[in-house]
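Visitor: Please show me the structure and explain how its terms are applied.

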Amino acid sequence: MNRTIPALSTVAALAVLGLTVAAAPTAAAAPATAASVPTCGPSVRMINRLNTVCVTVDGPSVRVYGVSTQLAPGSGRSFIYKVSATVVGGESLGTESGSAYFGSGTAYVGGPSGVVPCGSTVRASFSLTDFGTPPPTSVVDVAVTC
């Protein structure tokens, strides 16, 4: 299914913190609620985009999302995205993937969420694929302390 991921300025993204732009399971989402702070992995570069995976932890609840920012002016394009998360040594929280059009600016790609055991570690990843080339992947491990 093709989806359009809207571009948001940093100011617009901050203005909607904690709100989800609804439509589909992988709809664009704001990064965090006021009670939680995201932990983001290292940014990886792909073509004209900088991609990062982030995890928001609020008690035992975790939410994973990808952030993709266009680096230089130009038109957007379609990519295959994949956002996934696993409890290290445990079960998968799932994977969100599909095809989406990424415009200029910054786009947020929703990923899996769930409740995990306190004291566990969640490993999350985000990548974009362009015409089958092996994607650089942003990965982060986040401790869930309740």
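Guide: The following exchange concerns disulfides and the cysteines that form them. This is a predicted model, in which local features need pLDDT of at least 70 and side-chain atom pairs count only at pLDDT 80 or more, while totals for chains, interfaces and linings use all residues. Residues are numbered from 1 along each chain as its sequence is written, and side-chain values use heavy atoms, with hydrogens and water left out.

Visitor: What makes Cys40 and Cys54 a disulfide?

Guide: A disulfide is a pair of cysteine sulfur atoms within 2.5 Å. The sulfur atoms of Cys40 and Cys54 are 2.0 Å apart, so the pair satisfies the definition. Cys40 belongs to strand β2 (residues 38-40) and Cys54 to strand β4 (residues 49-58), 14 residues apart; strands are DSSP runs of E with at least two residues, numbered from the N terminus.

Visitor: Why is this disulfide of Cys40 and Cys54 called right-handed?

Guide: The torsion about its S-S bond is about 105°, and therefore the disulfide is right-handed.

Visitor: Why is Cys54 called buried?

Guide: Buried means under 20% relative accessible area, exposed over 50%, and partly exposed in between (1.4 Å probe, protein chains only). Cys54 has 2% relative accessibility, so Cys54 counts as buried. Cys40, at 38%, counts as partly exposed.

Visitor: What joins Cys118 to Cys146?

Guide: A disulfide joins them, with an S to S distance of 2.0 Å. Cys118 lies in the loop between β8 (106-115) and β9 (121-129), and Cys146 in the segment after β10 (137-143), so the pair ties together parts 28 residues apart in sequence. This link of Cys118 and Cys146 is left-handed, with -100° about the S-S bond.

How values were computed:
Helices (H or I, at least four residues) and strands (E, at least two) are DSSP runs, numbered from the N terminus.
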